[in-house]
Amino acid sequence: MRITSRRRLPFTHTNSKDDTKSTSLRAAALVAVSAIALTGCVSTAAPSTDNSTAASDTILLGAVMAETGFMSPFDTPALNSLRIAIDELNGAGGIDGTPVELRVIDTGSDLEKYAPSAQTLIDAGAKAIIVTCDYDISSPAALVAEQAGVLNVSPCVGDTIYGPRGGLDIGFSLGNATPGEASVMAEFADSKSWTNAVFLTDTSLKYTQSQCAIARERFLELGGTEIAGYDYVQGENISEAVSSIAAGPAPDVIFNCGYSPGGAQVAKDLRDGGIAAPIVSGFGMDGTFWLDSIPGLTDYYVVTFASTAGDDPDPAVNDLATVYEQTYGARPTVGSFVTGPSTLDAIVTAHEVAQSWDGKALADAFLTFDGLELLAGPTTFTPELHVNVDRPQRVLVVEDGALKFVERRAPEKVILGD
């Protein structure tokens with residue numbers, strides 16, 4: 001049986017602001033998980049219980065994510081909207097009449113904290129582990145869950161390695177896969193008749209490396225020309241590259257495959273260096289939080305999940321953005337906020353199919369999803385691919401210090417890459 005439909009939460013209620021933010025935790029390595037003690041606070045979306053054991057009258061979901069540190073701009077909107085969705089679900093009776101409890105450990109974006117944090121939540125009885133929005137960072141936690149036979153889900157990992165190729169047979173991402181995102185970047189540039197390109201690749205993450213490699217391949221396939229390509233590492237000075245670009249043939253478009261804050265610095269350096277060409281980026285450069293550093297920025301395009309500004313073509317997305325603002329006092333900063341409810345919907349749907357919290361049974365249920373309509377978009381999983389590669393995505397543009405909706409575009413062709 002293939003599952004193709006599910007009710008989407010309406011997001012019509014108003015919450016009080018959650019003031020139980022996580023603080024700091026411990027450090028450990030994957031090989032020493034069982035020997036490491038955890039210290040710090042956890043935040044919950046239901047009445048708090050003892051940290052060591054899940055309450056018998058709740059269904060515990062554990063989140064090992066970054067509410068602080070460099071991954072927090074991407075994780076926090078998804079996590080906050082997940083809290084909203086859990087409130088909605090519990091208001092409707094929970095799962096089979098049992099409320100859901102969300103217990104969050106803030107890793108501070110520290111790689112060493114992911115594995116022991118996951119183990120702590122598994123020991124507490126978590127039915128699923130929800131992890132950070134990048135495979136390189138989240139994989140230690142996901143692999144701990146995998147070894148324990150616990151379903152692991154990321155709201156917005158884009159790397160197709162999140163799945164069997166990465167040792168995660170019971171791991172899935174509700175994110176938009178990098179191959180689809182990168183193809184949309186290239187195809188959007190082609191639709192604007194931008195034929196000569198420069199590619200700037202942040203090599204600090206596999207995500208950004210793959211993004212530029214696939215965007216380049218698709219752009220050239222469409223008849224475009226690469227003028228030059230430059231690598232940089234997050235935070236590195238790119239003055240030499242800027243000088244070379246300024247001295248060479250003027251590009252029609254620049255692909256900035258990076259993430260903030262380093263990617264924002266690259267954008268600033270380009271504009272400060274007198275390079276006015278349109279710039280196209282992916283989800284790593286989504287968000288309004290970096291725009292103040294480049295006053296007057298124009299012709300900057302971002303491919304992402306959704307618009308946060310209330311102008312998204314999906315009314316349900318705009319409704320959630322409004323509820324998010326009512327709940328947290330500000331609109332979500334990046335489009336990954338739509339993946340929080342989608343993560344919960346996917347887990348609930350899988351449980352309805354499996355009638356079990358066994359990780360393998362839940363994974364088998366995930367593999368029945370065939371165009372399942374979630375807020376993040378139509379969702380399909382296969383035995384080989386546990387991330388969605390061909391969803392429609394949003395193209396946004398920076399105008400007047402804000403990101404505004406341009407178009408919804410699905411990839412015409414997806415190149416899976418390595």
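Helices and strands are here runs assigned by DSSP, numbered from the N terminus, and with that numbering Glu112 can be placed in the loop between β3 (100-106) and α2 (114-123). The structure in which this loop is found is a predicted model. Glu112 is partly exposed, because its relative accessible area of 47% falls between the limits of 20% for buried and 50% for exposed. Although Glu112 and Pro140 are 28 residues apart along the chain, their C-alpha atoms are separated by 8.2 Å.

From this single loop the view can be widened to the whole protein. The protein has 10 helices and 15 strands, and of its 418 residues 58% count as buried. If one takes the contacts between residues at least 6 apart in sequence, 70% of them join residues that are at least 24 apart.

Two of the helices offer a place to look at packing in detail. A pair of packed helices is described by the angle between their axes and by the distance between those axes. Helix α1 (residues 72-91) packs with helix α9 (residues 339-354) at an angle of about 50°, and the two axes are 6 Å apart. That angle makes α1 oblique to α9, since it lies between the limit of 35 degrees for roughly parallel and the 65 degrees at which roughly perpendicular begins. The crossing in which α1 passes α9 is right-handed. On the side of α1, the residues that take part are Ala78, Ser81, Leu82, Ala85, Ile86 and Leu89, and they meet Thr339, Gly340, Pro341, Leu344 and Val348 in α9.

The aromatic rings give another way through the structure. What describes a pair of such rings is the distance of the centres together with the angle of the planes. Searching the whole structure yields 19 aromatic pairs. In one of these, Phe199 and Phe219 are arranged edge-to-face, with 6.1 Å from centre to centre and 70° between the planes. This pair links distant parts of the chain, for Phe199 belongs to strand β7 (residues 196-202) and Phe219 to helix α5 (residues 206-221), 20 residues apart. Phe199 and Phe219 are both buried. The ring of Phe199 also has a charged neighbour, as the charged end of Arg216 sits over this ring at 4.8 Å from its centre. Elsewhere in the sequence, Phe74, Phe283, Phe289 and Phe305 form one aromatic cluster.

Definitions and conventions:
Residues numbered from 1 in each chain as written. Predicted model: local features only at pLDDT ≥ 70, side-chain atom pairs only at ≥ 80, totals over all residues. Heavy atoms only, no water. Phe/Tyr/Trp six-rings, centres within 6.5 Å; stacked < 30°, edge-to-face > 60°. Helix = DSSP H or I, 4+ residues; strand = E, 2+ residues; numbered from the N terminus. Buried < 20%, exposed > 50% of the residue type's maximum accessible area, 1.4 Å probe, protein only. Lys NZ or Arg CZ within 6 Å of the ring centre and 35° of its normal. Axes fitted to C-alpha atoms, helices over the stretch in contact; angles between N-to-C directions. Parallel < 35°, antiparallel > 145°, perpendicular 65-115°, else oblique. Left-handed = near helix turned anticlockwise from the far one by under 90°. Contact = heavy atoms within 4.5 Å.
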